[in-house]
Amino acid sequence: MSQSEHAFSKDDENQVLDALRVWLEKEVRPEVKHFDHDDEYPHEIVAQMKEMGLFGLMYRPEDGGLGMNATAYANVIMLITETWMSLAGVINTHMMLGQLIGRFGTAAQKQVYLPRLATGELHGVLCLTEPDAGTDLQGIKTVAKKEGDQYVLNGSKMWITNGMYGNLYAVLTKTDPQATPAHKGMSMFLAERGPGFNIDGKLKKLGYRALESVALSFSDYRIDAERLLGGEEGHGFLHAVGGLELGRINVAARGVGLAQAAMTDAVRYAQERTTFGKPICEHQSIQIKLADMATRVEASRLLVEQAAGKYDR
């Protein structure tokens with residue numbers, strides 16, 4: 001999954017962005033309010049994303065992906081978010097899981113999962129947060145106990161993005177709950193649904209609703225040892241924080257996209273609204289506010305670009 005191996009040219013990026021602009025305006029924008037207000041998952045739009053190759057943005061060409069680097073990926077996320085942030089979340093955990101397997105997976109895991117993830121046949125999910133552990137990942141309580149050539153998982157996860165409609169889950173567990181420090185006893189598994197894998201319900205949210213967040217639990221869920229990411233216990237914490245690096249770039253890029261959309265709407269309104277016989281955009285006080293907004297948006301964009309560039313190096 002190294003971006004340096006497969007350079008994604010600026011011309012390639014511009015072609016992707018141009019195609020995205022047309023698709024977002026024609027297919028997505030008219031549907032946003034419906035899906036978000038009704039708390040409904042956009043199955044048809046997600047299927048279109050797979051057909052367009054958006055599920056394979058950062059996957060290697062030899063695995064069926066586009067080979068995009070993080071800088072270009074951040075620009076894609078900004079553009080998508082200007083229209084609808086939920087779609088950026090649909091592919092966020094998916095890209096993170098691909099990076100995890102590409103960087104830390106065994107040769108067999110890469111061969112089995114990466115091509116299927118790149119096409120969207122598999123939809124990646126990251127299962128880290130628990131009811132009593134969020135930022136403090138070392139505080140998780142989900143346990144994986146070794147029994148022969150399998151592990152038995154018990155515990156629960158909370159606020160899992162794509163948890164209902166995804167189908168390949170990176171589950172962070174403790175294989176040695178007594179380890180000191182705690183991170184040395186943590187391991188990650190590549191799980192698919194089966195007996196003991198429970199989706200306990202979709203969580204209600206005030207916004208960002210079309211993209212589901214769910215509660216999961218594991219009740220004596222058995223998983224083959226070959227699904228232990230990297231094939232060795234004790235590296236799960238490093239795997240998790242390694243995946244979160246890209247996820248944070250995605251979230252920051254969403255912030256820029258939202259800010260850009262807000263500024264675009266503000267400028268449009270300032271051109272339409274009139275007071276004292278002229279559009280308010282001609283009043284100096286409004287011009288100063290808009291200039292401040294533009295400065296902050298551009299500064300945020302450059303900060304995300306810098307972070308993505310460092311990730312690429």
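In the hairpin formed by E2 and E3, where 2 residues lie between the strands, Gly148 adopts a positive phi near 65 degrees. This is a predicted model, and the points below follow the strands that continue from this hairpin, then the packing of helix H4, then a salt bridge and two backbone features in loops. Strand E3 is joined to E2 by 5 bridges and to strand E7 by 9 bridges, while helix H4 packs against H7 and against H1.

**Strand pairing around E3**

- Strand E2, covering residues 143–147, and strand E3, covering residues 150–161, run antiparallel and are joined by 5 bridges.
- Within this pairing, Ala144 has Leu153 of E3 as its bridge partner, and Lys145 has Val152 of E3 as its bridge partner.
- Strand E3 also runs antiparallel to strand E7, which spans residues 213–224, and 9 bridges join these two strands.
- One of the partnerships with E7 involves Thr161, whose bridge partner in that strand is Ser213.

**Helix H4 against helix H7**

- The axes of H4 (residues 70–83) and H7 (residues 236–272) come within 7 Å and cross at roughly 40 degrees, which makes H4 oblique to H7.
- The crossing of H4 and H7 is right-handed.
- On the H4 side, the contact is made by Ala70, Tyr73, Ala74, Ile77, Met78, Thr81 and Glu82, and on the H7 side by Leu246, Ile249, Asn250, Ala253, Arg254, Val256, Gly257, Leu258, Gln260 and Ala261.
- Sorted by class, the contact of H4 with H7 comprises 11 nonpolar, 4 polar and 2 charged residues.

**Helix H4 against helix H1**

- Helix H1, made of residues 10–28, packs with H4 at an angle of about 15 degrees, and their axes are 10 Å apart, so that H1 is roughly parallel to H4.
- The crossing of H1 and H4 is right-handed.
- From H1, the residues that make the contact are Lys10, Glu13, Val16, Leu17, Leu20, Arg21, Leu24 and Val28, and from H4 they are Ala72, Asn75, Val76, Leu79, Ile80 and Thr83.
- The residues of the contact of H1 with H4 divide into 9 nonpolar, 2 polar and 3 charged.

**A salt bridge between two loops**

- The structure holds 15 salt bridges, and one of them is formed by Arg209 with Asp39, whose closest N and O atoms are 3.9 Å apart.
- Because Arg209 lies in the loop between strand E6 (197–202) and E7, whereas Asp39 lies in the loop between helix H2 (32–38) and helix H3 (43–51), the pair ties together parts that are 170 residues apart in sequence.

**Backbone features in loops**

- Tyr208, which is not a glycine, has a positive phi of about 55 degrees, and this residue is placed in the loop between E6 and E7, where Arg209 of the salt bridge also lies.
- The peptide bond that leads from Thr180 to Pro181 is cis, with omega near -5 degrees, and Pro181 is found in the loop between strand E4 (168–174) and strand E5 (186–191).

How values were computed:
Residues are numbered from 1 along each chain as its sequence is written. This is a predicted model: local features need pLDDT of at least 70, side-chain atom pairs count only at pLDDT 80 or more; totals for chains, interfaces and linings use all residues. Side-chain values use heavy atoms; hydrogens and water are left out. Two strands pair if DSSP finds at least two bridges between them. Helices (H or I, at least four residues) and strands (E, at least two) are DSSP runs, numbered from the N terminus. Axes are lines fitted to C-alpha atoms, for helices over the stretch in contact, and angles run from 0 to 180 degrees between N-to-C directions. Angles under 35 degrees count as roughly parallel, over 145 as roughly antiparallel, 65 to 115 as roughly perpendicular and the rest as oblique. A crossing is left-handed if the near helix is turned anticlockwise from the far one by less than a right angle, and right-handed if clockwise. Contact means heavy atoms within 4.5 Å. Ala, Val, Leu, Ile, Met, Phe, Trp, Tyr, Cys and Pro count as nonpolar, Asp, Glu, Lys and Arg as charged, and the others, Gly among them, as polar. A salt bridge is a side-chain nitrogen of Lys or Arg within 4 Å of a carboxyl oxygen of Asp or Glu.
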